[in-house]
Every structure is written in structure tokens, then in C-alpha cells.
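Welcome, and please open your viewer. We will take a short walk through one chain, stopping at a few selections along the way.

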Amino acid sequence: MNKITLTLKVWRQKNAKSHGRFEVYKLTDIDTAMSFLEMLDVVNENLTREGKEPVAFDHDCREGICGMCGAVVNGQAHGPLRATTLCQLHLRHFKNNQTIVIEPWRSKGFPVVKDLVVDRSAFDKIIASGGYVSVRTGSAPDAHAVLIKKDDAEKAMDAAACIGCGACVAACPNASAMLFVGAKVSHLVLLPQGQPESEARVLNMVKTMDAQGFGNCSNEYECEAACPKEISVKNIARLNHEFRKAQIAK
Amino acid sequence: MLDSKIPSGPLQDKWTKHQLKLRLVNPSNKRKYQVIVVGTGLAGSSAAASLAELGYQVKVFCLQDSPRRAHSIAAQGGINAAKNYPNDGDSVERLFHDTVKGGDFRAREANVYRLAEVSNCIIDQCVAQGVPFAREYSGYLENRSFGGAQVSRTFYARGQTGQQLLLGAYGALMKEVARGNITLYPRSEMLDLVLVEGEAKGILIRNLLTGKLESHAADAVVLATGGYSTVFYLSTNAKACNVTAIWRAYKKGAYFANPCFTQIHPTCIPLHGDYQSKLTLMSESLRNDARVWVPQKAGDKRPPSQISENERDYFLERKYPNFGNLVPRDIASRSTKEQCDQGRGVGESGLAVYLDFSEALQRLGRDIVQDRYGNLFDMYAKIMGADPYQEPMMIYPAPHYTMGGLWVDYNLMSNVPGLFVIGEANFSDHGANRLGASALMQGLADGYFILPYTLGDYLAGCKPVDKNLTQYPIFKEAEIKETQKIQRLLAVNGKQTVDDFYKRLGKMLWDKCGMLRTEKNLKEALDEIPAIREEFWRDVKVPGSGDDLNQSLEKAGRVADYLEFAELIVKDALHRRESCGGHFRGEFQTPEGEAKRDDENFCYVAAWEFKGVGSEPFLHKEPLAFEEVKLAQRNYK
């Protein structure tokens, strides 16, 4: 068992209106097999015993699929490991006596709720504006009525793997949500089922994205680098292509 | 007397004939009815979307910041259906048969048959939504095998089937939000069920961001709040999974059925430290291509590569040659425990066995293995810091799913009129053991294709509730009671954290009411639970206030419920003097160590009625009749 000592600088903010600040917590001799969130659990147990309020942070499945967790760790969304959510990051990737700075997602589209918790309801609003196929329950034809090329299904799945965590927005200097929107638009436009609504979908989703305060893409590729599911920036290219196409068709 | 309302007539015709008898609500009247759905997993989202499409006004509540995050999202392996696309002999009858047998004959035949019947529509619906299921080069859908079946009937989307199905249902839900038919209440926790003249007509929730309690009235309440495996503290479930919603409904009169039927999943990443917060599942689908083994010699601590073929025991293949590594979960889990108890376990703790892909890697090559299971291998590597392409995975069983839940009749309505319970939160379809890839099937069957019919029948018999119902004293009383409870939790200001109690309860329950249950252990647990509960209310420390986001307070409320609920699980396990499926009583086993049922005395659903905290609950029995499948000792040899 390997043990390390860490200094944590954690963002504390009571609510959306108050000013935040960093607080420093020291952890000595902790097991490197521990996950990052388990480390925060330890901090919180200590704080509780000292009669202080624990650090609020979102988390749920702790296996990298629900998209609930996330924080900026030493300047990187979800921390230093590629293709990894914060909950799947383990302390073996940190050095003894390292200082770790932990902040919430920072973006106009995601206001801070408390400490590391942010409000990502803007993503739900974007999906509500068209991120689906409008099929009523019961009206579907047999699953084999429409064939789909394996390659298309695979590409659609690559895009559909998005967990909606918001790391792409947090990593982007423009706080752009175009990878998130591009992933959903791509997933559906790559499949025959998504075709009938493809034009309205892309126009409405982009409109909502803009209205929610997310910025534009300037090809920094930071989103792809931060994405725990390795969603490709090709999906942004496809989004732009589909958007242009839909505008012309309008 | 419990009336399961199972329609008469031949099994094959029950659902079709029943649908015709169910009353309808006129399309222009539907919008006058308000329905509450709590929970946004597969069952809740699909139900809410389908009800809203029909024209009802729907309010949807969930704990997380978005409905897309419910724990269905984490289901990996797949979803069953009786399509028989591979032409390997599948049918509705066979899926029904496998599920009844897999559940060790403790599920209702009529419900299971209906589940198998609607399974095919689910696949159609999901494909139409754009769920990117795995496909063959021909463009047709691909299938794979799961435990407890000898046909390939499982549809999948890589190792993220639950995610893709949930995103499909979430899309359907958000479509109705956009159309104004659904109002969404994220970050909301249900604290109480409100009854008006004995019928479920509303709920009390706590807004988790502001701490405010809010009353919501409706013509019917649907609970789709999932299972309670987290009562064991460590489980494969998400951290927010809890029993609170169904427990509070139980305390308002809904019966709790078969609480002791809990599923321990055989293939999870083993425990690694006392700070551990959850256990991670490795999908059952891995058993398609992996072989489970331990060293033949007890205490053999050599690395796996140094243990030759003839020194290994592929114990599942040896004991169950017909099903091999694909025996049902309860059997695989128990066999694993047995090997470890005999000292043949591997890894630092000795509480693990190998799940080995070397044969598959040779047979199929790395690319195909990666294509099928890549994300699971990556997850394993991240957690364990070891490469499963180079050395076998280590796995051990962990609490995963709960077959027990609130009792419901054939219409998915509890004994409380107007209270419907769907998905994992009810007890109905899996008996004493659920087969792999059947949870997704049941959640979506309930939500898309069953509840929209049966709920209409209930509403057709009710007048829409008074618009000012939440102003009635009954709602105000619930608000006062819950406010006091929250204040009490905050006021204890003791010395131990919520997790101190939670871990203690969970470990004790796992040791005494986990994979092996004996009368002695269960009785000890019954002594210990009230003592921990009493100590909790005397010495717990809940920091912060009740007026904003307070995750410690949320957890304290859920753990307080688990400290009551744990007693019911143990009482149910103690009363059921037989072994069946996941419920294994040491005193009742066959000479080969398999679960030994007692059909003469226990062929029934145990539905418990609340009689006060610490008081004896009252047992109602719903006898199970097996007309189609012959009761038999399960045999997977």
C-alpha cells in the first residue's frame, strides 16, 4: 500500500450570490488506491468531526457514467488523466507532497450553486429544444424494418456516449457547449431515425445554446482533451455542416 | 386479503383480454388529470413520457440535477427480448419460462408472461428513438448471451446499454417538457406520501437547493424510485440510491413485499480499503468470453501466470457443465463465496476469484475483445491499476439489485388506491433472483407499455382532485411533521458522523443478512439494529442548516430510514425458512449446497404491513400458483 501526503486548496462558496474563496486542507498518509472523490469524502468526514460544514460536491454513480461529478483540478476539467471522470481518477496519479487546487466548473452557463456544485440545467434546456426523435410510445415499426450500416451505428454510438457532465464547457476558453450539442446532433443525424427532424433539431438546439449564454467555438480543441468519453471535435464540424445545411434549406 | 387482480383465462390471453376490459379516459378529459411520477430512471422516464403523450398533466421529480442521471444509466450489459433474430429457438414462452425458473419460482406467472410478451415492442420503440444498438455488418441487430439462458436474446449498446436506453427515455421526457405536458422538478426528494380518504393524492417534497418543503397534489402517484441495495452501504448502486420514497409510502400503509430478496452480483471489483465508498460492477456479459477460476490448492499465492492449467479449478464449468460460466447470478455468487471460504480466494484479501480472458484473447484476438468489452477493461484498469489484457481480472460478489419492493397487483397498483409502483421499486417480476438484462426490460415494460393502460383505468373511476387540495390540513400536517424531523436531525449534534452509522449498519447487514443467512445471525442482527438506531438519534452529528443545499442532511434522512428498514429485511429473511434464489439460508440446502425451496410452506409473496417503528409488522400472504411452469428444483448442471 502506497501512502502520500497532499495539500488541497478547495473552492468554498456559500451560495450563488456570495463571494467564494479557497480553503486549505492537509491530508497526511492517504492510500493512493483511493479515488479522488473518496479523498473528498475523507476531507468531509474530518470537517464534520471538527464541527465545520463539509465541501458540497456533486457525485452519484462513481463509475464514470452518470455525469454528475466534475471539478477543475489543477486547472484541468476532471483532473490530469485523459478520458477519465473525476470519480474514476485515483490518487496514484498524484505525487507525494503535491498541492491540488480544486474548483467548480467556471462558465456563465453553469452558475455556482455551492462550493463545487454548479447548475447545469442549461443542458436540459438544450436537449428539450430538440435532442430526440419525436416518436410516440407504441408507434414504432419492427426493429428490423430499417437497417443501419454497422459503421454508422458505431459512429452514432461514439457521439451518443456523451454523459452530459459539462467538462467541455469548463475546459473551453469561450465556455462553448458546441461539443455537447455537436455530439447529440451527430448521434441522431447519423441514424435514419433522426433524419425527418434533423433541420429543425439543429436550428433549435443551437438557438437555445446561444440563449443560455454559451460561447462559440474557436478551435482550441480543449473540449475534446477534457472529455471523459473522448467525444471527437469532428462532431463540432458535423454540427456546423448540419447547421449550414439547415439554414440554406429554411 | 390481498387481491392480485390477475385476470382469468389462459396465460397467453390474459393481458390482451385485460387491456380490453381496462376503462379509458376520454382524450379531452385526460388533460384534467394530474399525475405525479417520482424517479426518472428507465421506468419513471418512460412512464412520464408515455403518460404525457396520452394527454395527462405530469409532474416529474428526481434527486439529481437532471433526469438523465438516474442510476439506470449505469446498467452495462444489455436488455432481453424474445425477438429470436438469431433463430436459436427463442420465443415469448421461453423467455417467460427462463425468467420464472431464474427467479426460483417466487414470481407471479401472469406478470412474467406479460413482461415477455411486451419485450419485443421495447426493442422496436428504442430503435425508433435512435438508440444505437450494436449491429452486424449486414445492418441487422446483434445479440449476445446472458446468464440463465441458452439462447442469445440480449440486445446491447457496447457496455453502455442502460445509458443509451435511458437517454432515449430522457429524450422522450424532455420532448414532453418542451411541449408543456411535463413539469420537471430536479433536485427534489420525496419525503412523504399524502393520502386523502385512503387514496394516494399527493406527495411532500424537499427542494434540495433551498431546503423548502413543498406539497404537490395529483390524481395518482407513481413511484419509480429504484432499489435499496445501498442498505448494505457498499453496493454497485449510485450513492444517492435509497429506500426513502418507498419506505415512507410503506409507513403510510403500502405493503412491502419480499424485502429479503436481494441480488448479489457475482462479478464486481473487490474491496480495497475502509474508505471505499462503492463497489463497481463488471458486466455479466463478460462471462460470455471469460472463464472463472481459482487455484486448486488453498492458500496458493503465486501470480496467476505461474499457475499452470492443471493447477487451476474452473469451478463453474466443473460444477455446472451445461451452463458453465453463464449460470444465474445467485449461483455464481454463492459458488465464488464457497471457493473463497475454503481458502482458494486470490488477491491480497483472499476475497476474489479470477475472471480470465486469455482464452478469448487467443481465440478472438485483442481487437474483437476490445470492441466488445473495451470500456469495461478500461474501467477495471483505472480502478485496480492493472491491465486485464495482460493478467486476469479479480472479482468478488457485491449487492446489486433488489427483487423485493412495494407490493403491486397486476395493474402495478399497490394496496393503496392511486399509488402505482414501477421498475425496481416494485416486487413483481423477478421472484427471488433476477436474470441478467431483465431489469432494463422490466423498467421499460412497466413505463412504456403497462402503466399507461392500467393507470388510465384507475383515473377513469376518479373525479379530478380539487385544485386547492394542497391547502388542506392533511398536507400542512405532513409539512409540520417533516419539518420537525429535519430539525431533530440537525439538533442532535452528537459525536459520530452519518457515515459512521451507515457503514456500521451496512457491514453488519452484509455479514448477517448477505449471501449466507442463518437463524442465529439474523437474530443477532435483530438485536443490533434497534441499538444502532437508538444511538443514531442520540449521537449523530449533522452539520449545516436545513435552509440550503446540505448533502449531510439528505444522507442523514436516508440513513435514518435504512435504520428502520433493515429490521424488515432481516425479519423477512428470518421468517422465510427456505432457501430460494438470492435468499440463501444455511439451514436449508441440498446435499450439493444448492438452494432448497420449501414449496409446501413458502410458495407465496410475503407482503408486510407497517405497524409502527420497532413493532411487529403484519404478514399478508399472496399464494403463488404455477399453472404453466412446473415447480422443480432448478438445475443448471
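Start by selecting domain 1 and domain 3 of chain B: their centres, taken over C-alpha atoms, are separated by 23 Å. This is a predicted model, in which local features need pLDDT of at least 70, side-chain atom pairs count only at pLDDT 80 or more, and totals for chains, interfaces and linings use all residues. Residues are numbered from 1 along each chain as its sequence is written, while chains are lettered from A and ligands numbered from 1 in the order in which they are written.

To colour the domains, use 11-76 + 159-264 + 401-468 for domain 1, 266-399 for domain 2 and 470-596 for domain 3 of chain B; such bounds come from an automatic or database domain assignment.

Next, look where domains 1 and 3 of chain B meet: 36 residues of domain 1 are in contact with 38 residues of domain 3 (contact means C-beta atoms, placed from the backbone, within 7 Å). On the domain 1 side, the largest share, five residues, comes from strand S6(B) (strands are DSSP runs of E, at least two residues, and helices runs of H or I, at least four, numbered from the N terminus).

Now select helices H4 (residues 92-102) and H5 (residues 109-129) of chain B, which pack at an angle of about 135 degrees with axes 8 Å apart. Axes are lines fitted to C-alpha atoms, for helices over the stretch in contact, and angles run from 0 to 180 degrees between N-to-C directions. Show B:Phe96 as sticks, one of the H4(B) residues that meet H5(B), where B:Tyr113 is among the partners.

Definitions and conventions: Two residues are in contact if their C-beta atoms, placed from the backbone, lie within 7 Å.
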